[in-house]
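Please open the model in your viewer and keep the selection panel at hand. The stops below go from the strands to the charged side chains, with a note at each on what to select.

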Amino acid sequence: KPGAQHLEVYWDGADSNSYPGAGTEVFDLSGNGVKGTISGTNGFDSTYDAWNFDGSGDYVSGTLDNPAGAWVHSVSVWFKASALDTQYDTVFSIGDYTATEFTTLYIKNSATSVSIYGSGVEYSWVPTVNAWHHAVVAMRGTTSGIADIDLYMDGTKLSGTQVGTATTRALPVSARFRLGRDVG
């Protein structure tokens, strides 16, 4: 079983070594030193050891230690939506806001999407409001094509449809990583 030392970054609200329950810094448990910065007026739910983002400028961000290009990666995150909108809301994002330089997991009231600037895969799966969900996005190829993106929700691999024309990803070196905020 892989441990935290196999991860690029591991932020955990339930571990006081990562987040003591107050303050604006989140510390990486992977050993790679990717410190997160909490922005906005988000709160912290001590019952669930989770950050609360109210949709008004709240997020956690940090900088990865990655090469440039279409590197293979995965992101695992727990989230709970208190409401769903007709427009996409961001669960996490990696990279910069240019044509091929980011990966984002979006949710809305009718679908979920893994996107790279207008292309990617859309899934008919919709989160249950006020329920915890576990998402894993696996970018296992070099493009934003359906053959290169896997999405697992609550342990089930989802099937989706291609949106836009698949493009080759070109993530920037030392990409920004954000929880609760888009790259733009």
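Two strands are said to pair if DSSP finds at least two bridges between them, and the strands themselves (E, at least two residues), like helices (H or I, at least four residues), are DSSP runs numbered from the N terminus. This is a predicted model, in which local features need pLDDT of at least 70 and side-chain atom pairs count only at pLDDT 80 or more, while totals for chains, interfaces and linings use all residues. Residues are numbered from 1 along each chain as its sequence is written, and side-chain values use heavy atoms, with hydrogens and water left out.

**The sheet**

Begin by selecting strand E8 (residues 102-107) together with strand E9 (residues 112-116), which run antiparallel and are joined by 4 bridges. Within this pair, pick out Tyr106 and look across to Ser113 in E9, which stands opposite. Then widen the selection to the open sheet of 9 strands, whose order is E1-E2-E5-E15-E7-E8-E9-E10-E14, with antiparallel pairing. E1 and strand E14 (160-163) stand at the edges, and because each has a single partner strand, one side of each is left without a neighbour in the sheet.

**From the edge strand to a loop**

Side chains of opposite charge can pair when their charged atoms come close. A salt bridge is counted here when a side-chain nitrogen of Lys or Arg is within 4 Å of a carboxyl oxygen of Asp or Glu, and by this rule the count comes to 3 salt bridges. For one of them, select Lys35 and Glu25, whose side chains meet at 2.9 Å, N to O. Lys35 lies in the loop between strand E1 (25-26) and strand E2 (36-39), whereas Glu25 is in strand E1, so the pair ties together parts that are 10 residues apart in sequence.

To judge accessibility, take buried as under 20% relative accessible area, exposed as over 50%, and partly exposed as in between (1.4 Å probe, protein chains only). Lys35 is partly exposed at 41%, and Glu25 is also partly exposed, at 33%.

**Around Asp150**

Which residue forms a salt bridge with Asp150 at 2.5 Å? Select Arg140, whose closest N and O atoms with Asp150 are that far apart. This pair links distant parts of the chain, with Asp150 in strand E12 (residues 149-153) and Arg140 in the loop between strand E11 (132-139) and E12, 10 residues apart. Now add Lys157, which forms a salt bridge with Asp150 at 3.5 Å between the closest N and O atoms. Salt bridges that share partners thus join Arg140, Asp150 and Lys157 into one network. Colour the three by accessibility to finish: Asp150 is buried at 8%, whereas Arg140 is partly exposed at 44% and Lys157 is partly exposed at 47%.
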